[in-house]
Amino acid sequence: MIDAPEPTPGPGEVLVKVMATSICGTDMHIYNWDGWAQSRFPAPMVFGHEMTGEVVAVGQGVNPDMVKVGDHVSAETHLACGHCYQCRTGRKHICQNLRILGVDAPGIFAEYAVIPAENAWVNDPEMPWEIASLQEPFGNAVQTVLAGPGVSSRTVLVTGCGPIGLMAIQVARASGASLIIATDVNERRLALARSMGADLTINPLAQDVVRTVRDATRGNGVDALLEFSGNQTAIRQGFGALTYGGHASMLGIPAGAIEFDLANDIVFKAATVIGISGRKMFETWYQVRELVTSGKVDLGAVISHHVPLSHFEEVFEAVRAGEAIKPVMLPQER
């Protein structure tokens, strides 16, 4: 914790008074200072990226029709170059020169933060701060669930019931999935999965995932695999439980290279595999807004802690110990 100078917005930027921020798995890599963080993060620098707050100043050239002083905003954390092939063909979320707020540029674990005006998503001022701060990670869940043919009237397996997996269960339920099965080795998270709409939960340490899924789907396997764990065993189980012709949306990040039976799990199954990287800019944000404001999902259900930002060690350690789901930190409180 340092006493940093208040940042100043440059051209095309806005200064935000941060009202709520939440912890992502990427932040845990930086907090733990693991090999990935050491090779990627330009310390010393403020990190963190999931946030909401009030715009208190704007830089030169910011269009007031886009964002203005007094607006309540969240941040799209993918900083796209705007000129590569992907950006110019409507796919900024997979920009070739992509930078990430709080990883490649100063972040938001602070009382004030600067973000590009084009990355500021204006919220309804009635939306609670802590809910608004979760829209960025919620967007990951939304894109994962709605990718490809979607899940309406389809059977679904969610592997990994961390915060985004739990959010995805709610999205799948709101989207009309006919059967939602969830796996995790943490019984507390499985209980939360059931409370959020999972019809069946499986602990792989106690049950055979593939057999249990097939028993629950008349021997067919699930139509859609939504993978959030990044765990090699869970990934194998998920593809083993996927029906022929099914689709898999992959968001979880393995720690390294994994072994995979490409022939039997994808080729001979004629499976469709979709990699998910963040949120579509800004299609996913519109979907997020409608799901949240309609009351179809309850993002508050995944929040496990509300603490001042000055208590950051408490919640980072709780996440590391597996005792927290989604902590929200409040920079303006002491």
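Which residue of β11 stands opposite Leu 157? In this predicted model, the residue facing Leu 157 is Leu 225 of β11. The pairing belongs to strand β8, where this report begins.

## Strand β8 and its burial

Strand β8 covers residues 155-159. Of its 5 residues, 5 are buried, so the strand is largely enclosed by the rest of the structure.

The side chains alternate. Thr 155, Leu 157 and Thr 159 point one way from β8. Val 156 and Val 158 point the other way. Residues on both sides are buried.

## Neighbours of β8

β8 pairs with two strands, β9 and β11. Strand β9 spans residues 179-183 and runs parallel to β8, with 5 bridges between them. In this pair, Val 158 sits opposite Ala 182 of β9.

Strand β11 spans residues 222-227. Its pairing with β8 is also parallel, over 4 bridges. Here Leu 157 is matched with Leu 225.

Helix α6, residues 163-174, joins the picture through a β-α-β unit. The unit is made of β8, α6 and β9, and it is right-handed.

## The nonpolar cores

The largest nonpolar core has 44 residues. Four of them touch the most other members: Phe 138, Leu 166, Ile 169 and Val 292. Helix α6 is the top contributor to this core, giving 7 residues. The helix of the β-α-β unit is thus also a core element.

Which residues does Phe 138 touch, leaving aside those up to four places away in sequence? Its contacts are Met 167, Val 171, Val 288, Leu 291, Val 292, Val 297 and Leu 299. Val 292 appears here as a partner of Phe 138, and Val 292 is itself one of the four residues with the most contacts to other core members.

Another core lies apart from this one. That second core has 28 residues, including Val 14, Phe 47, Val 73 and Leu 101.

## The cysteine pair

How many disulfides does the structure hold? The count is 0. Cys 84 is in no disulfide, and the nearest cysteine sulfur to its own belongs to Cys 87, 3.7 Å away.

Why is there no bond between Cys 87 and Cys 84? The sulfurs are 3.7 Å apart, which is too far for a bond. A disulfide needs the two sulfur atoms within 2.5 Å.

Are these cysteines buried or exposed? Cys 84 is buried, with a relative accessible area of 7%. Cys 87 also counts as buried, at 9% relative accessibility. The cut-off for buried is under 20%.

Notes
Residues numbered from 1 in each chain as written. Predicted model: local features only at pLDDT ≥ 70, side-chain atom pairs only at ≥ 80, totals over all residues. Heavy atoms only, no water. Buried < 20%, exposed > 50% of the residue type's maximum accessible area, 1.4 Å probe, protein only. Pairing = 2+ DSSP bridges. Right-handed = clockwise from strand over helix to strand, strands pointing away. Core = buried A, V, L, I, M, F, W, Y, C linked by side-chain atoms within 4.5 Å. Contact = heavy atoms within 4.5 Å.
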